[in-house]
Amino acid sequence: MMENIDWKNLGFGYRDTDYNVRCSYKNGEWGELEVSTSNTINIHMSATALHYGQEAFEGLKAFRGKDGKIRVFRMDENAKRMQNSCDGILMAKLPVEKFEEAVRIAIKKNERFVPPYDSGASLYIRPLLIGSGPQIGVSPAEEYLFIVFVMPVGPYFKEGFKPTNLVIMRQFDRAAPQGTGKYKVGGNYAASMYEGKKAKANGFSAVLYLDSREKKYIDECGPANFFGIKNNTYITPESESILPSITNKSLIVLAEEMGLKVERRKVPYEELAEFDEIGACGTAAVISPVKGIYDNDKDKWFKYGNQEEAGEWSTKLYSKLRAIQYGDEPDTHNWIKII
Ligand code: PLP
Ligand code: COI
């Protein structure tokens, strides 16, 4: 039975579904995957996740195709990135196969929540790994809990594929130069909430962060990577403090196939004046085209395109990525697993 949901008007918000999948780490080993119908967890009040932010999460999506099949996008990459986050904050690493199996079960069990093909919506999958064992000194837990839950979602930025504005505010950093910015850990998101809220209250969709060491180079845009296009070249920042986006990595491949050159390098602030198109990219954001960047410290605007719609290359990249994800075009890179 399909759920009675207004699929076309879903935002990006939490919603209960039927099941989640869990796995515990105790005595030096991971246990069996378990299916739960509860949306709460019972953990020790001294769990390291609660006190010292020892937790990491992931975000990926599954799509229902015209053929009715459900396709999940590059979940092996999310599994590996979660392992990398575990290395970064000393958590027990979950094997890739176990991660993938948990994702498969979570999707299968909640199949009725996978939005229909023509809705443009998808199933957002949120794997979470937390230090659940007690410590009061600052050191890693000895017990961990891994959970995968899912929910149907629409666009992250309510405008969807309509261009929005970003804001630069130099007094805020989400991550330190040699800190945890490259890991998908909760602390980075807590650190970004204050300025994120301020940006939204002023009509911007996200903060565009500059590098926190020198404030000379572009880092990333809130919960998404940054790319700019000029002279038939797709340019995206190389930085030690940004999350390696799987969407960006995929767009780089598609851009090359479309005949764009690709440069992954430091992107100086001044170059903002030179781009023809700018986008924020990520699982939740897909591609969110950018029509303007306001530098709050210099009271200066950078404007892009015709202000009404996404640019030519951003549109082509967006369409191509979505076509692969929904199964409208062949998956020549082995990015898709059918559930
Ligand atoms: N940057 C940050 C800080 C993010 O939270 C995300 C979202 O996962 C991304 C970039 C985009 O990464 P991905 O394309 O793997 O979703
Ligand atoms: C994602 O794109 O999956 C994210 O995790 C972004 C955000 C919801 C934190």
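The following conversation takes up, feature by feature, why parts of this predicted model are described as they are.

Biologist: What makes Met75 count as buried?

Modeller: Met75 has 26 C-beta neighbours inside 10 Å, and since a residue is called buried when 20 or more other C-beta atoms lie within that distance, Met75 counts as buried. Met75 lies in helix H2, residues 75–88, and, leaving aside residues up to four places away in sequence, Met75 touches Leu60, Glu100, Val103 and Lys337. Met75 and Ala62, which are 13 residues apart in sequence, are 9.6 Å apart in space from C-alpha to C-alpha.

Biologist: Which residues have the most contacts inside the largest nonpolar core?

Modeller: They are Val103, Ala106, Ile107, Ile125 and Leu129, in a core of 45 residues. Strands E1, E5, E6, E7 and E8 are among the elements that each supply at least two residues of this core, and helices H2 and H3 are also among them; the largest share, eight residues, comes from E8. Val103 touches Val72, Met75, Ile125, Pro127 and Val148, not counting residues up to four places away in sequence. Apart from this core lies another, of 44 residues, including Ile168, Leu260, Tyr294 and Trp313.

Biologist: How do you know that the span of helix H6 agrees with what is expected?

Modeller: Helix H6 runs over residues 312–326, and at 1.5 Å a residue its 15 residues should span 21 Å; because the C-alpha atoms at its ends are 21 Å apart, the two values agree. The buried residues of H6 are Trp313, Ser314, Leu317, Tyr318, Leu321, Ile324, Gln325 and Tyr326. What covers these buried residues includes strands E5, E6, E12, E15 and E16, together with helix H5. After H6 comes Gly327, with a positive phi near 85°.

Biologist: What is the span of H5, and what span is expected at 1.5 Å a residue?

Modeller: H5 has twelve residues and reaches 17 Å from its first C-alpha to its last, which is close to the expected 16 Å. Within H5, the residues Ile246, Thr247, Asn248, Ser250, Leu251 and Ala255 are buried, and the elements that cover the buried residues of H5 include H2, E12, E13, E14, E15 and H6. Just after H5, Gly259 has a positive phi of about 95°.

Biologist: Where is Lys184 found, and why is Lys184 called buried or exposed?

Modeller: Lys184 is located in the loop between strand E9 (164–168) and helix H4 (186–201). Lys184 has 23 other C-beta atoms within 10 Å and is therefore buried, the cut-off being 20 or more. Not counting residues up to four places away in sequence, Lys184 touches Ala56, Phe57, Glu58, Arg81, Ser85 and Leu243. An unreviewed UniProt entry places the feature "modified residue: N6-(pyridoxal phosphate)lysine" at Lys184.

Biologist: What makes up the shell around ligand 1, by class of residue?

Modeller: By class, the shell has four nonpolar, seven polar and one charged residues. Among the residues around ligand 1 are Glu220, Asn225, Leu243, Ser245 and Thr247. E12 and H5 each supply at least two residues of this shell, and the largest share, three residues, comes from H5.

Biologist: Which residues surround ligand 2, and how do they divide by class?

Modeller: Ligand 2 is surrounded by Gly59, Pro223, Gly282, Thr283 and Ala284, a shell that divides into two nonpolar, three polar and no charged residues.

Biologist: Why is a positive phi worth pointing out in a residue other than glycine?

Modeller: Most residues other than glycine have a negative phi. Asn232 nevertheless has a positive phi of about 55° although it is not a glycine, and Asp299, also a residue other than glycine, has a phi near 50°.

Biologist: How do you know whether Asn232 and Asp299 are buried or exposed?

Modeller: A residue is exposed if 12 or fewer other C-beta atoms lie within 10 Å of its own. Asn232, in the loop between E12 and strand E13, has 12 such atoms and is therefore exposed. Asp299 is found in the loop between E16 and strand E17, and because Asp299 has 7 C-beta neighbours inside 10 Å, Asp299 too counts as exposed.

How values were computed
Residues numbered from 1 in each chain as written. Chains lettered and ligands numbered in written order. Predicted model: local features only at pLDDT ≥ 70, side-chain atom pairs only at ≥ 80, totals over all residues. Helix = DSSP H or I, 4+ residues; strand = E, 2+ residues; numbered from the N terminus. Expected span 1.5 Å × (residues − 1). Contact = placed C-beta atoms within 7 Å. Near = placed C-beta within 6 Å. Nonpolar A, V, L, I, M, F, W, Y, C, P; charged D, E, K, R; others polar. UniProt positions renumbered as here; feature names shortened; annotations may be inferred. Core = buried A, V, L, I, M, F, W, Y, C linked by C-beta atoms within 7 Å.
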